[in-house]
Each structure stands twice: as structure tokens, then as C-alpha cells.
Amino acid sequence: MSSNLANNLIETARALGDRPAIRLDGTTLDYSDLRRAAAAVAGDLQVRGIRAGDRVGIVMPNVPAFPILFYGVLMAGAIAVPMNPLLKSREITYYIDDSGMSLIYGSHAVGVVVSEAADDAGIPALIVADLGPTELDLLGNPVKEPVTRGADDTAVLLYTSGTTGSPKGAELTHANMVTNASTTVDTLIQTSPSDVILGCLPLFHVFGLTCGLNAAVKSGALLTLIPRFDADAALRVLERDAVTVLEGVPTMYSALLNSPNSSSADLSRLRCCIVGGAPMPVEVLRSFEEEFGCDVYEGYGLSETAPIACFNQPGSPRKAGTIGTPVRGCELRLVDDNGNELNDPESPGEIQIKGENVMKGYWGRPTATEESIVDGWFSTGDIARRDRDGYYSIVDRKKDVIIRGGYNVYPREVEEVLYEHPAVAEAAVIGIKDDHLGEQVGAAVALKRGTQAESADLVRFVRERLADYKYPRQIWFVPSLPKGPTGKILRRSVEPPTGG
């Protein structure tokens with residue numbers, strides 16, 4: 001039997017074809033519409049030579065074209081590679097080359113950038129309207145059923161990174177995606193066809209993809225989209241569409257809470273709020289619950305775990321400031337620096353995860369996969385404590401990833417660009433605490449002897465080469481950077497200037 005994730009769409013369309021599936025302002029697609037459009041895309045891809053296992057990129061904001069293309073790629077048996085539409089062309093070219101992508105879709109808003117990257121990589125780019133490709137754009141006949149795929153076949157490549165090296169594609173299988181969506185629907189959000197989920201999380205990110213799009217399709221709920229998050233726009237949609245489920249990162253909750261329109265918005269239909277992507281300040285959580293009268297459930301996951309691994313789950317006591325307990329089909333444990341399991345309550349250790357949600361591996365990187373997954377246990381790089389009731393709390397990150405407004409920024413990637421500047425001798429990128437975004441990107445730079453540069457020049461240099469959420473908002477100059485015995489720069493010993 002085929003394990004293709006797209007079967008969820010087929011089954012829901014058969015049972016609930018006239019139910020609304022995707023909405024963007026005045027445009028609504030029901031499940032029959034979504035299935036028909038995705039099947040047409042799949043047929044088109046097959047005529048263009050796309051076969052099972054081929055990689056196809058999708059560079060789209062939260063618009064109806066995204067779910068149409070995503071499920072169309074899956075129905076064709078190909079592997080979807082979602083990407084942030086804020087990426088610059090050199091970043092997209094890297095993903096194309098690394099994945100061996102055969103074709104890439106882009107929205108009109110980013111058509112020039114996507115086309116430029118595709119030209120550099122030598123593959124075709126198809127630029128698609130926000131509401132999806134029209135019949136005039138498509139070749140061939142719609143497919144009748146999704147191409148058969150096995151449970152362990154890769155469905156999605158999501159690019160992530162660590163403190164060293166280039167971004168890596170996490171291979172999420174059809175089984176990873178199907179089971180995590182089912183767990184989200186059955187045990188966490190407990191969604192039904194009567195639910196309306198606010199799609200303000202980016203669909204190219206695993207949180208929005210699994211808990212938003214795939215969970216909605218699995219349960220027959222309506223996903224109402226916001227192309228890019230704005231608190232006032234979100235409040236309008238929450239009220240207009242009688243949204244019942246809100247999903248977001250902490251900065252979104254803070255923005256909604258602090259909007260001047262929050263007190264006048266009618267959010268009485270809101271029954272469930274989930275938060276992840278970064279630690280949720282307890283005061284924000286409590287204030288949101290008091291203001292809107294809706295329980296907020298905090299959880300934890302990663303791109304490599306499809307993503308949900310741990311959650312404050314409905315039906316169990318919620319503990320503010322924790323990430324809850326392991327979800328169905330998933331195990332967590334804490335280990336010390338030597339990999340020994342820690343069983344004493346409150347002893348901090350690195351989180352390791354095992355279960356049906358753990359990725360297949362990193363695309364084309366067997367060594368990195370072997371280092372990250374040992375005996376089925378994935379090492380997250382996050383440090384946590386577990387209390388006597390089995391609830392986990394994040395206390396630190398072993399990795400140096402910066403979480404800016406819910407987006408992951410990897411210091412090494414930003415440093416590599418800084419090193420391209422002719423005046424830069426050394427660079428260290430760190431996270432700086434920010435009351436609104438959680439963390440901001442900052443960089444300490446040592447210049448080459450005899451050269452000069454202004455902070456604003458370096459900021460502009462990076463901004464021209466990386467997505468806007470990645471470039472440093474603050475750069476300061478130092479004579480040299482702190483180093484360890486081997487000469488390695490000690491990023492954790494770098495601090496911003498006083499008042500920075």
C-alpha cells in the first residue's frame with residue numbers, strides 16, 4: 001500500500017470534497033478544488049519529465065499556490081523542497097545544487113530571484129500566480145492517484161544547519177510527515193472539519209507545514225492564510241473567519257497581545273493556541289490567556305523531527321515555562337557530555353529524540369547523519385531539565401543557532417559572507433537578546449591590518465547577499481576575537497558592547 005503523504009488529501013477530498021480547505025481573503029478552495037489543482041500540477045510535472053524521487057523546489061509565501069504545488073509535487077512522487085521566499089538568489093542556487101533539484105517553482109513576487117538562481121544552476125523555473133497555475137500553464141492530464149511511495153521514501157527536504165558547515169537537507173519521509181500530522185490532529189490540536197486554523201506560520205517551515213497545512217488536510221479543517229504575519233491583519237482574519245486554532249511563535253503572540261486593536265477584536269471562537277519555535281516567556285503566555293480567554297499549549301520540535309517531539313498536551317496538566325512531555329510515537333532522554341543517560345530529576349543534559357518522527361538523515365551527508373543519529377537517537381544540541389512529573393524545560397542551546405522572530409539564523413552562514421569582505425580578518429556572529437524578536441543578530445569583526453570599514457558598510461554587504469532576517473543589525477569592531485588553545489574562535493566568549 002502506498003504511504004504517499006498526498007493520500008491524506010485524496011481521502012479528505014473524497015469524504016469532504018465540498019468543505020473549504022484553503023482561504024486567502026476573498027478566495028476559497030474547497031477540498032475538491034485543491035485535489036483537482038494538485039492532480040493537474042502532478043500531471044504537468046510528469047510531462048516535464050519529473051519522476052519519483054526527483055527534487056522540486058517551491059519558493060512561495062503563504063498563498064493558495066503553495067498547498068497546490070506541495071501536494072502536486074507529492075502526487076507526482078517527487079520530493080518537495082520548500083524554501084523561504086526571502087532568500088537571495090545565491091542562497092537558492094545553493095539549495096538547487098545541493099539537492100540536485102530538477103525544477104523550481106517561484107511566486108511572481110520572487111520570480112526574478114528564482115529565475116536568476118535557476119539560470120545559474122541550469123534548471124527550469126516556473127513562475128506561478130498566488131492562486132496557482134492556470135490550465136494554460138499546464139501540460140498533460142491530471143493524475144488520478146498519487147504515485148506509490150514507501151513509508152521510508154523521502155517526501156520533503158527541509159534545509160537546516162549547525163554551527164559549522166553549509167546548510168543540510170533534512171530528509172523527512174512520508175511516514176515522518178504522515179505520523180506527525182496524525183499525532184497533531186489526534187492528540188494535540190484535536191482538529192475536526194469544523195475547525196478553522198490560522199495559517200500565519202510560514203508553510204515553508206516545518207511547524208507551519210505539519211501543524212498547519214498537513215494537519216488541516218488530514219482532518220478536513222479550513223486553513224485561512226496570511227502571506228506574511230502582521231498583528232493587525234491577523235486579528236482581522238481571526239475575527240472574520242471565526243478562527244478556532246491559532247499556531248505561532250512567541251513573537252506573534254506578543255505582537256497580537258500588544259496590538260492596539262487586541263481589546264476590540266472578537267476572538268470568542270478561539271479554542272486552542274499552540275506555540276513553538278522558541279521559548280515562550282511565561283508572562284506573555286499568561287497575559288495572552290487572560291486577554292483572550294484561550295489556553296496556550298507550548299511544545300518543542302525541530303526540522304529533523306517533523307517537527308513535534310514534546311508538548312503540553314490537552315487532557316494533562318499544563319506547566320507554563322515547560323515544553324511538556326513526549327508526544328505519541330516519540331521518546332526523549334537527556335544525556336551528559338559523554339552520552340550517558342541522566343535519570344536524576346532536574347539534572348541538565350542534551351535532549352536526544354527517538355521515534356517515528358525522526359528524519360531519515362541529512363541529504364547526501366552520511367557522515368553528518370551518523371554523527372547526529374546513533375542507534376536511532378537523534379542528538380538535538382538543546383540542553384534541558386526534566387522534572388519529577390516528566391516535563392521538560394529548555395535551559396540552553398548547545399548549538400549556537402540564533403532564533404530571530406521564530407526564524408533560525410546560523411552564525412556560520414553569516415560569518416562566511418562577512419569573510420568575503422576584503423577588509424574582514426575575523427568575524428563572530430552571536431545572538432543578542434531582543435525584547436520583541438527574542439534574539440537579534442550581531443557580529444564582532446576584526447579588520448585586516450591596514451584596512452578600514454564602517455559598520456554600516458558591512459551590514460549592507462551582508463544584507464545584499466543573505467535573506468533580510470539573517471543580516472546583522474549590529475556590527476562592532478574588536479582588535480581580535482577570543483580563541484581557544486587550538487586557535488578556534490570562541491563564539492560564546494564574544495559579547496556585544498555595553499548597551500548593545
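1. Helix crossing. In this predicted model, α12 passes α13 in a right-handed crossing. Helix α12 covers residues 411–419 and helix α13 covers residues 455–463. Their axes lie 9 Å apart, at an angle of about 115°. The two helices are therefore roughly perpendicular to each other. The class for that description runs from 65 to 115 degrees.

2. Helix contact. From α12, the residues involved are Val-414, Val-417 and Leu-418. They meet Leu-458, Phe-461 and Val-462 in α13. Sorted by class, this contact has six nonpolar residues. It has no polar and no charged residues.

3. Sheet order. Turn next to the strands. Nine of them make an open sheet with mixed pairing. The order to trace is β2-β1-β10-β9-β11-β12-β13-β14-β15. Its edge strands are β2 (27–30) and β15 (325–326). Each of these pairs on one side only.

4. A parallel pair. Within the sheet order, β9 sits beside β11. Strand β9 spans residues 196–199, and strand β11 spans residues 245–248. The pairing is parallel, over two bridges. To check the register, start at Ile-197: its bridge partner in β11 is Val-245.

5. The hairpin. Strand β13 (residues 296–301) and strand β14 (residues 308–311) run antiparallel and are joined by three bridges. Tyr-300 stands opposite Cys-310 in β14. The two strands form a hairpin, with six residues between them. In the turn, Ala-306 has a positive phi of about 70°.

6. On to the edge. Strand β14 also pairs with β15. These two strands run antiparallel, and two bridges join them. Cys-310 takes part here too: its bridge partner in β15 is Pro-326. Cys-310 thus has Tyr-300 opposite it in one pairing and Pro-326 as partner in the other. Beyond this pairing the sheet stops, as β15 is an edge strand.

7. The loop residue. Which residues does Ser-303 touch, not counting those up to four places away in sequence? They are Thr-160, Leu-172 and Val-206. Ser-303 itself lies in the loop between β13 and β14. Is Ser-303 buried or exposed? Its relative accessible area is 15%. The cut-off for buried is under 20%, so Ser-303 counts as buried.

8. Points to view together. For the helices, look at the right-handed crossing of α12 and α13 along with its six nonpolar contact residues. For the sheet, follow β13 through the hairpin to β14, then across two bridges to β15. Ser-303, in the loop between β13 and β14, can be inspected in that view with Thr-160, Leu-172 and Val-206, which it touches.

Technical notes. Residues numbered from 1 in each chain as written. Predicted model: local features only at pLDDT ≥ 70, side-chain atom pairs only at ≥ 80, totals over all residues. Heavy atoms only, no water. Axes fitted to C-alpha atoms, helices over the stretch in contact; angles between N-to-C directions. Helix = DSSP H or I, 4+ residues; strand = E, 2+ residues; numbered from the N terminus. Parallel < 35°, antiparallel > 145°, perpendicular 65-115°, else oblique. Left-handed = near helix turned anticlockwise from the far one by under 90°. Contact = heavy atoms within 4.5 Å. Nonpolar A, V, L, I, M, F, W, Y, C, P; charged D, E, K, R; others polar. Pairing = 2+ DSSP bridges. Buried < 20%, exposed > 50% of the residue type's maximum accessible area, 1.4 Å probe, protein only.
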